[in-house]
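Hi everyone, thanks for coming. I'd like to walk you through a structure that may be new to you, so please have a look at the screen.

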Amino acid sequence: MIIPQPDRILLQLQTGTYSHMLSGDILDIGCGKARRYGSFPEARSYKTLDIDPLNQPDIIASAEAIPLPDG
């Protein structure tokens with residue numbers, strides 16, 4: 001059984017529409033198990049962050065304490 005999540009569907013539509021406008025380094029905070037937003041043609045890099053190591057993110061950390069420099 002699949003339970004649709006309208007907010008995620010709308011977010012995916014928006015990122016698909018505007019992904020060409022996103023550039024630089026992109027950090028997907030709370031990525032979960034899926035890399036939903038990994039297709040940004042103008043991005044210099046795309047990294048995932050999640051607190052659960054079982055999700056196999058690029059960075060394991062809390063969103064409240066991101067181990068990256070500001071900016």
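Let me begin in a loop, the one between β2 and β3, where you can find Q56. One thing to keep in mind as we go: what you see is a predicted model. Now, what is the phi of Q56, which is not a glycine? The angle is positive, at about 55°. As a bit of background, most residues other than glycine have a negative phi. And is Q56 buried or exposed? Its relative accessibility is 61%, and exposed means over 50%, so Q56 counts as exposed.

Stay in that loop for a moment. N55 also lies between β2 and β3, and β3 covers residues 59-60. N55 has a relative accessible area of 11%, and the cut-off for buried is under 20%, so N55 is buried. Which residue can we pair with N55 across the sequence? One partner is K33: the two are 22 residues apart in sequence, yet their C-alpha atoms are 4.6 Å apart in space.

There is a similar story for D50, which sits in strand β2. D50 is buried too, because its relative accessible area is 9%, under the 20% limit. From D50 to G30 you count 20 residues in sequence, while the C-alpha to C-alpha distance is 4.7 Å.

Let me step back to the whole chain. How many helices and strands does the protein chain have? There is 1 helix, and there are 3 strands. Reading along the sequence, you meet them in the pattern α-β-β-β. The C-alpha trace spans about 35 × 30 × 20 Å along its principal axes. The chain has 71 residues, and 24% of them are buried.

Next, let's look at charges. Side chains of opposite charge can pair when their charged atoms come close. Here the count comes to 1 salt bridge. It joins the side chains of R44 and D25, with 3.1 Å from N to O. Why is that pair worth pointing out? R44 belongs to strand β2 and D25 to strand β1, so the salt bridge ties together parts that are 19 residues apart in sequence. Are R44 and D25 buried or exposed? Both of them are exposed.

Those two residues come up again in the largest pocket, whose lining includes D25 and R44. Rolling a probe the size of a water molecule over the atoms shows where empty space is left. In the largest pocket, that space is about 220 Å³. Its lining is made up of D25, I26, L27, R44, S45, K47, I66, L68, P69 and G71. Which elements give two or more residues to this lining? They are β1, residues 24-29, and β2, residues 43-50. Sorted by class, the lining holds 5 nonpolar, 2 polar and 3 charged residues.

Last stop: the surface of the helix. L13 lies in helix α1, which runs over residues 6-18. L13 has a relative accessible area of 53%, and the cut-off for exposed is over 50%, so L13 is exposed. Together with I9 and L10, L13 forms a nonpolar patch on the surface. The accessible area of the three together is about 300 Å².

That's the tour. Thanks for listening, and I'm happy to go back to any of these places on the screen.

How values were computed:
Residues numbered from 1 in each chain as written. Predicted model: local features only at pLDDT ≥ 70, side-chain atom pairs only at ≥ 80, totals over all residues. Heavy atoms only, no water. Patch = residues over 30% accessible without salt bridge, like charges linked within 9 Å, V, L, I, M, F, W, Y side chains within 5 Å. Areas by Shrake-Rupley, 256 points an atom, 1.4 Å probe, with all protein chains shown as cover. Salt bridge = Lys/Arg side-chain N within 4 Å of Asp/Glu carboxyl O. Helix = DSSP H or I, 4+ residues; strand = E, 2+ residues; numbered from the N terminus. Buried < 20%, exposed > 50% of the residue type's maximum accessible area, 1.4 Å probe, protein only. 1 Å grid on protein atoms, 1.4 Å probe; cavity = no way out; pocket = protein on both sides within 12 Å on 5 of 7 lines; lining within 4 Å. Points joined across faces, edges and corners; volume = space filled by probe spheres on them. Nonpolar A, V, L, I, M, F, W, Y, C, P; charged D, E, K, R; others polar.
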